Amino acid sequence: MAKDPGRVLIFDTTLRDGEQSPGASLNLEEKLAIAQQLARLRVDIIEAGFPFASPGDFNAVQRIAAAVGTPDGPVICGLARAARGDIKACAEAVAPAANRRIHTFIATSDIHLEHKLRKSRAEVVAITAEMVAYARSLVDDVEFSCEDAGRSDPHYLYEVIEAAIAAGATTINIPDTVGYATPAEFGSLIAGINVHVPNIDQAVISVHGHNDLGLAVANFLEAVKNGARQLECTINGIGERAGNASLEELVMALHVRRAYFNPFLGREAGSSEPLTGVRTEEIYKTSRLVSNLTGMVVQPNKAIVGANAFAHESGIHQDGVLKNRLTYEIVDARTIGLADNRISLGKLSGRSAFRARLEDLGYSLDRDDLDEAFARFKELADRKREITDRDLEAIVSDQAQQPEARYVLKLVQVSTGTNLRPTATVTLTTSDGAELTEAAIGTGPVDAVCQALNSLARVPNELVEFSVKSVTGGIDAMGEVTIRLRHQGVLYAGHAADTDIVVAAAQAFVNALNRLVHGMERQPLHPQMASVPVAELPRL
Ligand code: KIV
Ligand code: ZN
């Protein structure tokens, strides 16, 4: 990707680092839906996954490359450890994209060299040069990351970066892998790289950072002031541990405070030219889509996309906002595409209006899925007077969790009340055509349902989260249930919505069970935690 000192590139890693969040794993359909929405958001680069992790991950990157990697679309990137097998798989997976990138990395901090890689500094420099050159022999666009750069000796970092650029890297990424840096430190790390790496003019400087101390966005903004021109971030800031730098916060900071940042990019302070290529009006929709599909709920007070970010609850604020919005509002809600939660459809709406509204919300369903979703919509419209965008999202997002389903919920029935022992009967159909029924007694109706489902699925798990929230206001609102199950230390989420919260709970539990069963089969490699097999390492 061409280097442009006056423009900040947005590299979205929701589908790679974001998907590494506990319990956020996505299936192929979900990944495709998110990638398509990221393209509408106009991010510059989509990191679509880690192809070497498993055949499923490889396939997802390849499908995204084919479907979203159009000539005028985003660059499609895959992650690869600095090892031949990883890099080769990555090149094959991104091949269908018109614009493709291999992102390869190796750790550079002494703590990682000593305890994880068991390599000397000289060995890591040699591996970097050899693996970047190999990647560059396969694609023109190669990004190299110095994992744990935030805790690496800057002088050693300069040496590794120089070797990577000499071997053909076109982007150099500086990750604060453990979220340890503070803004001034991170800014001077980038400034130092700009001064001390002799060939740095041949590469774009990128930053990547985790939010362990809540400083990721602040660190990135300081990095921009010091020459970083690519920001690696995720929608809603999802990612390992405390997450990654959040895309919407970065983009909106650069948008709202453009006059402040302009001079650092060599522009007039008053220039109205956007600093990023992102279409801000797609931000809210993208945030909802990612939250719905990953089951990672956005905290209400989250900057930019939280439910309260534009709510002026206190009387004094409302009075000021009514007189002049600027008294308490620095972002117009419409800038991020936040219209009122629209009453979009009603009982009489037809199939094409239904499909058009879903497409506008980022969901494009094939014929069968559309039929099923439309039937659910009609059913809901019989029970609920006004159907809002949030209701539609709730209908289709739990449907999007179905494609690789081992179990389908066919029936759930409960009897509960005062002086009754809550009892549930559930019927599941399985992917091999069997029909299974079980009844159980619980402390409440939801517990009874979960117990019955567990005795059918027979996969040991622990319920670690059960949350219910209403999708919209009103007594006829749908209840949205999110469930997280833990199995062998790994979390699996499921969510579902229904006007009956016991049904929603049963469906959410089945969705989580399906992910659990699929996850047991998939067992992908973690790019940063699994070591490269010795046979894969370059010969020195
Ligand atoms: O946090 C990190 O260091 C990473 C790298 C693989 C870029 O995610
Ligand atoms: Zn990361």
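Author: A polar contact is a pair of N or O atoms within 3.5 Å; within protein, one must be able to donate a hydrogen and the other to accept it, and residues adjacent in sequence count only if both atoms are side-chain atoms. This is a predicted model, where local features need pLDDT of at least 70, side-chain atom pairs count only at pLDDT 80 or more, and totals for chains, interfaces and linings use all residues. Residues are numbered from 1 along each chain as its sequence is written, chains are lettered from A and ligands numbered from 1 in the order in which they are written, and side-chain values use heavy atoms, leaving out hydrogens and water.

Reader: How far does a polar side-chain atom of His 210 lie from an oxygen atom of ligand 1?

Author: Happy to help! Arg 16 has a side-chain N or O atom 2.9 Å from an oxygen atom of ligand 1. For the polar side-chain atom of His 210, the distance to a ligand 1 oxygen is 3.1 Å.

Reader: Which residues coordinate the zinc ion (ligand 2)?

Author: Donors are N, O and S atoms within 2.8 Å of the metal (3.2 Å for Na, K and Ca); water is not among the atoms, so sites may look incomplete. Here the donors lie at 2.0 to 2.2 Å and belong to Asp 17 (OD), His 208 (NE2) and His 210 (NE2).

Reader: Is Asp 17 buried or exposed?

Author: Buried means under 20% relative accessible area, exposed over 50%, and partly exposed in between (1.4 Å probe, protein chains only). Asp 17 has a relative accessible area of 1%, so Asp 17 is buried.
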